[in-house]
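Visitor: I'm new to this, so could you walk me through the model step by step?
Guide: Sure, let's look at it together and start with the cysteines.

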Amino acid sequence: MSEIEGGGFALPRSAIQDVTWPAVPAAAAAGLLALLQQLEHTQWWAPERLLEQQLRQASVLLSHAAKHVPFHRARLDEAGIRIRPGRTLYPDEWARIPIMTRDDIQAAGTALHADVLPAGHGPIHRQSSSGSTGKPIESLGTRMTQLLWAAFSVREHLWHRRDPRGVLASIRGFATGKGLYPAGLRLRSWGFPIAALYHTGPAVGLSVMTSTEQQAQWLARADPDYLLTFPSALRALARHCREAGIALPRLRQARTLSEVLSPETRAEVEATWGIKVCDMYSAREVGYMALQCPDHDHYHVQAEGVLVEMLDEAGAPCPPGRAGRIVVTPLHNFAMPLLRYDIGDYAVPGRPCPCGRGLPVLTRITGRVRNMLRLPGGGEAWPLIGEPWYTNIPAIRQYQMVQTALQRLELHLVVDRPLTAGEEAELRRIVVDRIGHPFEIALIYRDAIPRGPGGKFEDFKCELPPPSPAEGSA
Ligand SMILES: [Zn+2]
């Protein structure tokens, strides 16, 4: 056992005066530790065994929803799905439950709220997704969903073998007026939930709305062990630090959330600092869905908290290697149950992981359906253009592609110097080649590209209204 494991995560904080070993945790921490102790085992279960327990829990949730949630009562009745309390649904019965969407959540309002909450789940709190595009999603959470969130959050630290005594830096969205340059925020611990269980080092924070130069200067002063930020900010930082010769000698790992993490960003970080990036996939209304494997770049579904299905256009499960829509059921939200919720993202299911964990594998999370490119001939496509111009045309510092009409794309560019006519032609050629359609492409030079609400950055935005069903798009 390493010194880190022995001195850091192995020993929880003790709540009893003058007892340091073995530690006796406080009552609030004990529940979380009990959950983590089970997760330590269940991660190694076979997929069939995980699915069996998921369907058991999902069936209890379904019974509750059918009885206490008007939205689900009506839809389940209509689909002819009835369940006797105590019985577990078969997988084929589960697959008959109608899929719900973001629009359903917004339209249903309080019809999605349960009139009764089972004992021990409360109190209820309200939460709102940051909504980088479109309207935010309002949802309810409970003490129970909060507990699951906390357990997966701690699991993420354990999986990636962090030393909790280190300094954790975050560059992300903060409340207005918080985390401003040059000082940023300084906190004594890494905060809830990890600091409720273990002694941790300090945490420092800076608003992601600051410039990359300011972020790099601030980081050099903070000299952190770990850096948590959005992929777009991380990539810009890695590049800037390499070019400006800014060293971060203690940095051991980068952690990312909220946006799609590209292989190019992983490569840039590896080349600059020689460290790995650990990515997380979560959403406010459902909690953690997948965490990066401790030993690989792909993700493991957090099957103890969510039932994740990946479905093709016909609604059938996708085979490994084929991208499908993510349909998720959070298993413990009894205040506002979401059954088979199409969250609006795509992912590619993978084969079982060599690490031995039975938790299902996602090889790639490709991003949001609502930000798909609309094709002039009807239909939609992923604007998966990759980032080849970063290598072909190094003067491009940042870009954002915006579809402003069915035939027209705007490429917003932040550059070190004006591009030559040859480079502009090369750029247009790359975009048309990758997308496979001769869009009219306007190049627009800008001093900066603003981030969306909550500090998220999207490299593609579609400004057209959603397609109507008559246009033949799902
Ligand atoms: Zn794995």
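Visitor: How many disulfides are there in this one?
Guide: Keep in mind that this is a predicted model. A disulfide is a covalent bond between the sulfur atoms of two cysteines. For a pair to count, the sulfur atoms have to be within 2.5 Å. By that rule, the number of disulfides here is 0.

Visitor: Is Cys-293 buried or exposed?
Guide: The cut-off for buried is under 20% relative accessible area. Cys-293 has a relative accessibility of 0%, so Cys-293 counts as buried.

Visitor: And what about Cys-462, buried or exposed?
Guide: Use that cut-off again: under 20%. Cys-462 comes out at 18% relative accessibility, so the label for Cys-462 is buried.

Visitor: Which strands stand at the edges of the sheet with the order 20-19-18-21?
Guide: That's an open sheet of 4 strands with mixed pairing. An edge strand here has a single partner strand, so one side is left without a neighbour in the sheet. That description fits strand 20 (440–445) and strand 21 (460–462).

Visitor: In what sense do strand 19 and strand 20 pair?
Guide: Strand 19 covers residues 408–415, and 6 bridges link it to strand 20. Glu-410 stands opposite Ala-442 in strand 20. The sense of the pairing is parallel.

Visitor: How is helix 3 oriented to helix 4: roughly parallel or roughly perpendicular?
Guide: The axes of helix 3 (residues 47–68) and helix 4 (residues 70–78) come within 6 Å and cross at roughly 100°. Angles of 65 to 115 degrees get one label, so helix 3 is, relative to helix 4, roughly perpendicular.

Definitions and conventions:
Residues are numbered from 1 along each chain as its sequence is written. This is a predicted model: local features need pLDDT of at least 70, side-chain atom pairs count only at pLDDT 80 or more; totals for chains, interfaces and linings use all residues. Side-chain values use heavy atoms; hydrogens and water are left out. Axes are lines fitted to C-alpha atoms, for helices over the stretch in contact, and angles run from 0 to 180 degrees between N-to-C directions. Helices (H or I, at least four residues) and strands (E, at least two) are DSSP runs, numbered from the N terminus. Angles under 35 degrees count as roughly parallel, over 145 as roughly antiparallel, 65 to 115 as roughly perpendicular and the rest as oblique. Buried means under 20% relative accessible area, exposed over 50%, partly exposed in between (1.4 Å probe, protein chains only). Two strands pair if DSSP finds at least two bridges between them.
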